[in-house]
2 protein chains.
Amino acid sequence: MKYSYVSHLYCPKCGNTYGTNGQHQLCTCGSPLLVDYDLEKLKKILAPAELKSRDSTLWRYHELLPVEDESNVVSLGEGMTPLIPLCEIEKDMGLGNLFMKDEGLIPTGTFKARGAAVGVSKAKEVGVKELAMPTNGNAGAAWGLYAARAGIESTIMMPNDAPKITRNEVALSGANLYVVNGLISDAGKIVGKAVKDYDLYDASTLKEPYRIEGKKTMGLEIAEQLNWQMPDVILYPTGGGVGLIGIYKALKELKTLGWVKGKLPRLAAVQSTGCAPIVKAWEEGRRESEFWQNSETLAFGINVPKALGDFLVLDAIDHTDGFAIAVDDESIIQEQTKVARMEGSFICPEGAAAFAAVRRLRENGWIGKDETVVSLNTGAGIKYPDIVQPTPKMLEKDDTIVK
Amino acid sequence: MKYSYVSHLYCPKCGNTYGTNGQHQLCTCGSPLLVDYDLEKLKKILAPAELKSRDSTLWRYHELLPVEDESNVVSLGEGMTPLIPLCEIEKDMGLGNLFMKDEGLIPTGTFKARGAAVGVSKAKEVGVKELAMPTNGNAGAAWGLYAARAGIESTIMMPNDAPKITRNEVALSGANLYVVNGLISDAGKIVGKAVKDYDLYDASTLKEPYRIEGKKTMGLEIAEQLNWQMPDVILYPTGGGVGLIGIYKALKELKTLGWVKGKLPRLAAVQSTGCAPIVKAWEEGRRESEFWQNSETLAFGINVPKALGDFLVLDAIDHTDGFAIAVDDESIIQEQTKVARMEGSFICPEGAAAFAAVRRLRENGWIGKDETVVSLNTGAGIKYPDIVQPTPKMLEKDDTIVK
């Protein structure tokens, strides 16, 4: 039995196809490439019940992942993050079945580890010796550390105001770390030139085809954790949108396999009012977004003014009767506090944005009270230590407390 | 079938016993209490193979945990952290089978979540409305957040130099946060008085009997993840030592159940040369440790000058032909860097201390080259963001890189 049922790469724009054993980047037409599998063959030999006794990592879905030889798997135990019922917050929002998929419990503390684990493993398989990428921080941390584990050299470039903690992670990984006095788009230009000058593997978002496959596993896990019943709505904080594209791809593959039935969940892309290019495009009925000028939000991970895969995100929303919505920073902070106090979880601001959106969409009736809702917390709150500025009571040694 | 096979509490010093439905703290003789189970009955009705299809959290071992009614379980998906093979570091150390049990992948990012999940769940079961504790940071973060999830009020007191990130976690949980201009021992005194004055549940280390049970699950998981074969050596960074006591207790229970066979692993307690009371006591052949004056180490979590359960740690080392060893801060930093560069994992300084000890004990021959070794990384490196001080290359927008 084969480890992977991957068949080929294809271009969602021009339809061109490619094999999976070369070092592929974008299609010759400039579009990101997607990965396809021989699902009809897989359907005959694998039943979902067989997964139950497999290891609790995303590699339990190895038939649906692109790595063809198991010895190339680079793993730190990532995946099968918990799907946590939120019994207090759901009451507070007037809902009956609200779950958080908690991507804080993963190496490097964010969902970026999924893309890095699968992307780096496949890079190793196709013989990559050195990769390069621009990053707003968390993706760089994940790729730097997984590349170190794979023995692949990496060059990682982040803007000066990327979270310091991610700078430290990249440095510790032994990557070549560069900090640019500019935006991620400036870092991207410098990486682009270095990729050409030195013939490096470009691991920028969607410029290699495999990180989507890693992020896809969030969708596979949600379906399995709900016992192959699909939820009604999935909300995802959307910067580059790769997670949403991946979840949509996963659910379609599961339908083809016959492991889930019925209507796909409605997918909601959540952005910040300070950077909402996809929301704007969706509201205006366009197929692609425009660069968002002077973007600003404390949810750094969704500060992406123009995503290469915007058209795929808009497709996913469209085909699932989904929604695109922006929330402001004040709502993000309020929701982060509520989730901590009522549910005991310190979520990241991007995750809090998604919960703020659940609340808004419940209020305006787009989410019904009996619907099953899954909201993604894309990372651990501790990766943003300064977002809370407590003013604790200060005591001297001999003090006593008065209640 | 019962959810828990807990039978009673007992005192390891004077032998007194207690039931499990009251709010118990220390024994009347002043010793911590331990939890016992009806293992003979459990042995007849549960086989380890049945665990395989259970949820991937520490609650898969619910028969061996003290919570008697499942509805009292307070969970954020904790447990079943990965046991990661370290193929590069093991070569570097001259070993063939080195694993890291990675406690970074758990709510709040440290193993303290295990004690808090089980401790808070049992506190809820016995009707606790408010708890109080002193903390060096990570335990307070875990107990504050789990208490919030349980709807239990909490008062948490930490020294001024506890990691800021943990202060933020406690504040966000809605706990009553106090910061003391002093040491954890000073915080402990103020908590002790508050516990009496206001009749609070004292959740200080080992002053309630149940957090050991949570930490015990590290031992259960190691055994299950190695397919019920025991390793030769387990190393544990030791501050209060509850994890080591718990692992030892777990392995003894598994032997009684007949789920593991043969000699118990040799347990090694790893401390810092700046705070090594247990190492000193062990070297001098004493049964208890003495307060370590002017303790100092960058591995904040093992800066515990005198542990209430020191005699239990020394017992565990003794009964398993174990070892106690101290490593210096420089070795800790070196090992942390090596693990990141060679294995792709950003471990915490306490975890790095344990790996530095593996290296030393291999060098001096106490660990043989063919032995199977498990070393605990007790938390995520990102909880200590300032431990790395990178000096990245700085670029302007129009720069190019030269390799």
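**Note on the predicted two-chain model**

1. A:Thr57 is buried, its relative accessible area being 15%, which falls under the 20% limit for that class. This residue sits in the loop between helix 1 (39–45) and strand 4 (83–85) of chain A. Setting aside residues up to four places away in sequence, A:Thr57 touches A:Gly77, A:Glu78, A:Gly79 and A:Met80. The model is a predicted one, and the remarks below should be read accordingly.

2. On the overall form of chain A, the fold comprises 12 helices and 14 strands. Its radius of gyration is 21 Å, close to the 22 Å that the globule rule gives for 403 residues, so chain A is as compact as a globular protein of that length. The C-alpha trace of chain A spans about 70 × 50 × 45 Å along its principal axes.

3. Burial and contacts in chain A may be taken together. Of its 403 residues, 65% count as buried. Among the contacts in chain A with a separation of 6 or more, 70% come from residues 24 or more positions apart.

4. The accessible surface of chain A amounts to about 14100 Å², and carbon and sulfur atoms contribute 48% of this area. As to charge, chain A carries 45 positive and 52 negative side chains. The centres of these two sets lie 3 Å apart.

5. Over all chains, the structure holds 8 aromatic pairs. One of interest is formed by B:Trp228 and B:Trp259: the ring centres are 5.4 Å apart and the planes stand at 75°, so the pair is edge-to-face. B:Trp228 belongs to the loop between helix 7 (211–225) and strand 10 (233–237) of chain B, and B:Trp259 to the loop between helix 8 (242–257) and strand 11 (266–272) of chain B, so the pair ties together parts that are 31 residues apart in sequence. Both B:Trp228 and B:Trp259 are buried.

6. In chain A, the aromatic residues to inspect are A:Trp282, A:Phe323 and A:Trp366, which ring pairs link into a cluster.

7. Two non-glycine residues with positive phi deserve a check of the backbone. For A:Asn294, phi is near 50°. A:Asn294 lies in the loop between helix 9 (277–283) and helix 10 (310–319) of chain A, and this residue is exposed, with a relative accessible area of 73%. For B:Leu206, which is not a glycine either, phi is positive at about 70°. B:Leu206 is placed in the loop between strand 9 (201–202) and helix 7 of chain B, and at 2% relative accessibility B:Leu206 counts as buried. The two sites thus fall on opposite sides of the classification, A:Asn294 being exposed and B:Leu206 buried.

8. Which residue of helix 7 of chain B has a relative accessible area of 0%? B:Lys216, found in helix 7 of chain B, is buried at that value. Leaving aside neighbours within four places in sequence, B:Lys216 is in contact with B:Tyr37, B:Leu64, B:Gly246, B:Ile247, B:Lys249, B:Ala250 and B:Glu253. Its C-alpha atom and that of B:Gly243 are separated by 6.7 Å, although the two residues are 27 apart along the chain.

Key
Residues are numbered from 1 along each chain as its sequence is written. Chains are lettered from A and ligands numbered from 1 in the order in which they are written. This is a predicted model: local features need pLDDT of at least 70, side-chain atom pairs count only at pLDDT 80 or more; totals for chains, interfaces and linings use all residues. Side-chain values use heavy atoms; hydrogens and water are left out. Helices (H or I, at least four residues) and strands (E, at least two) are DSSP runs, numbered from the N terminus. The radius of gyration is taken over C-alpha atoms; the globule rule is 2.2 Å times the number of residues to the power 0.38. Buried means under 20% relative accessible area, exposed over 50%, partly exposed in between (1.4 Å probe, protein chains only). Contact means heavy atoms within 4.5 Å. Accessible areas come from the Shrake-Rupley method with a 1.4 Å probe; for residues, only the protein chains shown count as cover. Lys and Arg count as positive and Asp and Glu as negative; His and the chain ends are not counted. The place of a charge is taken as NZ of Lys, CZ of Arg, CG of Asp or CD of Glu. Rings of Phe, Tyr and Trp (its six-membered ring) pair if their centres lie within 6.5 Å; planes under 30 degrees apart count as stacked, over 60 as edge-to-face and the rest as tilted.
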